[in-house]
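Hi,

Here is the structure I promised to pass on. Have a look at it first, and then read my notes below.

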Amino acid sequence: FSDNPKQSSQIPVFIRILDINDHAPEFANYYETFVCENAKAGQLIQTVSAIDKDQPPRGHKFFFELVPEFAVHPNFSVVDNKGN
């Protein structure tokens, strides 16, 4: 991480949530992810998890995936670890 603004950049990540219940799923934590320029291909950058305030508690299953139009992208991928 660099304190020099000329050596860093920021990009927003947009999340589309598909939910049919009263409460939309939320990330379990606030995530601020940093990727260094020397990150290796295939390197794990961030693990995210979600929660849902709808009933039943702990009974929800979440799936994370890239939207179809970006599912094959050479610089970014999502792996669903089946653990919410």
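Before the aromatic part, a quick word on terms: rings of Phe, Tyr and Trp (its six-membered ring) count as a pair if their centres lie within 6.5 Å, and planes over 60 degrees apart make the pair edge-to-face. Please keep in mind that this is a predicted model.

With that rule, searching the whole structure turns up one aromatic pair. The partners are F27 and Y31, with 5.4 Å from centre to centre and 85° between the planes, so the pair is edge-to-face. F27 itself is partly exposed, because its relative accessible area is 36%, which falls between the 20% limit for buried and the 50% limit for exposed.

Now the overall picture. The chain has two strands and zero helices. It runs to 84 residues, and 8% of them count as buried. About 8,200 Å² of the chain is exposed, with carbon and sulfur atoms supplying 54% of that area. As for how the chain meets itself, take the contacts between residues at least 6 apart in sequence: 40% of these join residues at least 24 apart.

F27 comes up again on the surface. Together with V13, I15, I17 and V48, F27 forms a nonpolar patch there, and the five have about 450 Å² of accessible area together. Two of the members sit ahead of the first strand: V13 is in the segment before β1, which spans 26-27, and I15 is in the segment before β1 too. Are V13 and I15 buried or exposed? V13 counts as exposed because its relative accessibility is 65%, over the 50% cut-off. I15 is exposed as well, with a relative accessible area of 53%. I15 also has a partner to look at further along the chain: I15 and E65 are 50 residues apart in sequence, while their C-alpha atoms are 10.0 Å apart in space.

Next, charges. How many salt bridges are there? The count comes to one salt bridge. In it, the side chains of K53 and E26 meet at 3.7 Å, N to O. The pair links distant parts of the chain, since K53 belongs to the segment after β2 (50-51) and E26 to strand β1, 27 residues apart. The two ends differ in exposure class: K53 counts as exposed at 54% relative accessibility, whereas E26 is partly exposed, with a relative accessible area of 36%.

K53 also turns up among the contacts of H23. Leaving out residues up to four places away in sequence, H23 touches D52, K53 and D54. For H23 and D54, the C-alpha atoms are 5.9 Å apart in space, although the residues are 31 apart in sequence. H23 lies in the segment before β1 and is partly exposed, with a relative accessible area of 39%.

One last residue to click on is S77, in the segment after β2. S77 counts as exposed, because its relative accessibility of 57% is over 50%. S77 and L44 are 33 residues apart in sequence, and 9.8 Å separates their C-alpha atoms in space.

If you want a place to start in the viewer, try F27, which belongs to both the aromatic pair and the nonpolar patch.

Cheers

How values were computed
Residues are numbered from 1 along each chain as its sequence is written. This is a predicted model: local features need pLDDT of at least 70, side-chain atom pairs count only at pLDDT 80 or more; totals for chains, interfaces and linings use all residues. Side-chain values use heavy atoms; hydrogens and water are left out. Patches are made of residues with over 30% relative accessible area and no salt bridge: like charges are joined within 9 Å, nonpolar side chains (Val, Leu, Ile, Met, Phe, Trp, Tyr) within 5 Å. Accessible areas come from the Shrake-Rupley method with a 1.4 Å probe; for residues, only the protein chains shown count as cover. A salt bridge is a side-chain nitrogen of Lys or Arg within 4 Å of a carboxyl oxygen of Asp or Glu. Helices (H or I, at least four residues) and strands (E, at least two) are DSSP runs, numbered from the N terminus. Buried means under 20% relative accessible area, exposed over 50%, partly exposed in between (1.4 Å probe, protein chains only). Rings of Phe, Tyr and Trp (its six-membered ring) pair if their centres lie within 6.5 Å; planes under 30 degrees apart count as stacked, over 60 as edge-to-face and the rest as tilted. Contact means heavy atoms within 4.5 Å.
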